[in-house]
Amino acid sequence: MTPYLARLLEIPLNNVTIPREWKRATVVPIYKGGDRSAVSNYRPISLTSVVCKQLEHFISGYLRQVWDKNDWVYEGQPGFRPGHSCESQVITVCQDIADSLDEGVGIDAIIIDFPKAFDLVPHDRLLTKLAVSAVDSRAVVWVREFLVGRTQRVRVGGQLSKEVKVTSGVPQGSVLGQLQFLNYLNSVALVRERTIPTERPPPVGEVSASF
């Protein structure tokens with residue numbers, strides 16, 4: 001199967017396009033806690049094409065390699081990063097509090113919870129941030145192709161809803177979804193002296209480089 005799978009993945013990668021079936025998702029609700037009759041107590045997980053996920057792994061590996069080389073991701077961001085975890089974030093916060101107490105200075109803490117964070121990421125802004133993260137422009141076009149034109153339907157038990165278009169957000173449950181969400185939040189850290197340009201990703205016709 002390996003040669004056939006390799007050929008199947010090579011075509012959309014070289015043509016910077018994705019088959020329509022690969023962009024269809026079945027959303028299943030995962031119970032988080034609380035009242036089981038409340039829709040807000042469920043986390044939507046998108047079941048997507050397994051073959052497409054193999055290609056997502058390749059793209060994700062490339063993006064991580066470039067970002068690590070250019071120190072793009074804010075060092076204080078532990079989410080969705082190999083070698084980092086919630087424990088490392090807790091240790092950092094506790095150390096900051098301990099240092100502040102030793103120095104006798106005040107501590108201000110702001111905790112923000114983004115409801116439906118994955119579903120509300122605007123594609124234009126996400127692609128703009130990706131375009132200025134030092135990755136090849138061909139990768140930007142591929143990610144745009146991955147996000148645009150997606151559809152989804154919800155499955156509860158044995159029942160399926162009607163299929164609807166997805167106009168924003170990143171698929172929660174995909175390989176690329178978490179990585180793109182991480183990139184979108186990357187500029188929140190104001191401690192870095194880095195300006196994010198407002199230029200837009202290049203059109204497909206202007207892409208010539210390879211990655």
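How many salt bridges does the count come to? In this predicted model, the count comes to 4 salt bridges, and those described below include a pair within helix 1 and a set of linked pairs centred on the residues Glu21, Arg24 and Glu163. Side chains of opposite charge can pair when their charged atoms come close.

Within helix 1, which spans residues 2-15, Arg7 and Glu10 lie 3 residues apart, a spacing of about one turn of the helix. Their side chains meet in a salt bridge, with an N to O distance of 3.6 Å. Neither partner is classed as buried, because buried requires under 20% relative accessible area: Arg7 has a relative accessibility of 49% and therefore counts as partly exposed, while Glu10, at 37%, likewise counts as partly exposed.

A further group of charged side chains involves Arg24, which forms a salt bridge with Glu21, the closest N and O atoms being 3.1 Å apart. Arg24 also forms a salt bridge with Glu163, and for this pair the closest N and O atoms are 2.7 Å apart. The pairing of Arg24 with Glu163 links distant parts of the chain, since Arg24 belongs to strand 1 (residues 24-31), whereas Glu163 is placed in the loop between strand 4 (159-160) and strand 5 (164-166), 139 residues apart from its partner. Through shared partners, the salt bridges join Glu21, Arg24 and Glu163 into one network. As to solvent accessibility, Arg24 is partly exposed at 27% relative accessibility, Glu21 is partly exposed at 49%, and Glu163 is partly exposed with a relative accessible area of 38%.

The surroundings of a polar residue, Asn183, were also examined. Asn183 is located in helix 6, which covers residues 175-185, and its relative accessible area is 3%, so that Asn183 is classed as buried, the cut-off for this class being under 20%. The side chain of Asn183 is joined to that of Trp72 by a polar contact of 2.8 Å. When neighbours within four places in sequence are left aside, Asn183 is in contact with Trp67, Trp72, Leu126, Lys129, Leu130 and Ser133. Trp72 thus appears both in the polar contact and in the list of contacting residues.

Taken together, the model shows a salt bridge between Arg7 and Glu10, a network that joins Glu21, Arg24 and Glu163, and a buried Asn183 whose side chain makes a polar contact with that of Trp72.

Methods. Residues are numbered from 1 along each chain as its sequence is written. This is a predicted model: local features need pLDDT of at least 70, side-chain atom pairs count only at pLDDT 80 or more; totals for chains, interfaces and linings use all residues. Side-chain values use heavy atoms; hydrogens and water are left out. Helices (H or I, at least four residues) and strands (E, at least two) are DSSP runs, numbered from the N terminus. Buried means under 20% relative accessible area, exposed over 50%, partly exposed in between (1.4 Å probe, protein chains only). A polar contact is a pair of N or O atoms within 3.5 Å; within protein, one must be able to donate a hydrogen and the other to accept it, and residues adjacent in sequence count only if both atoms are side-chain atoms. Contact means heavy atoms within 4.5 Å.
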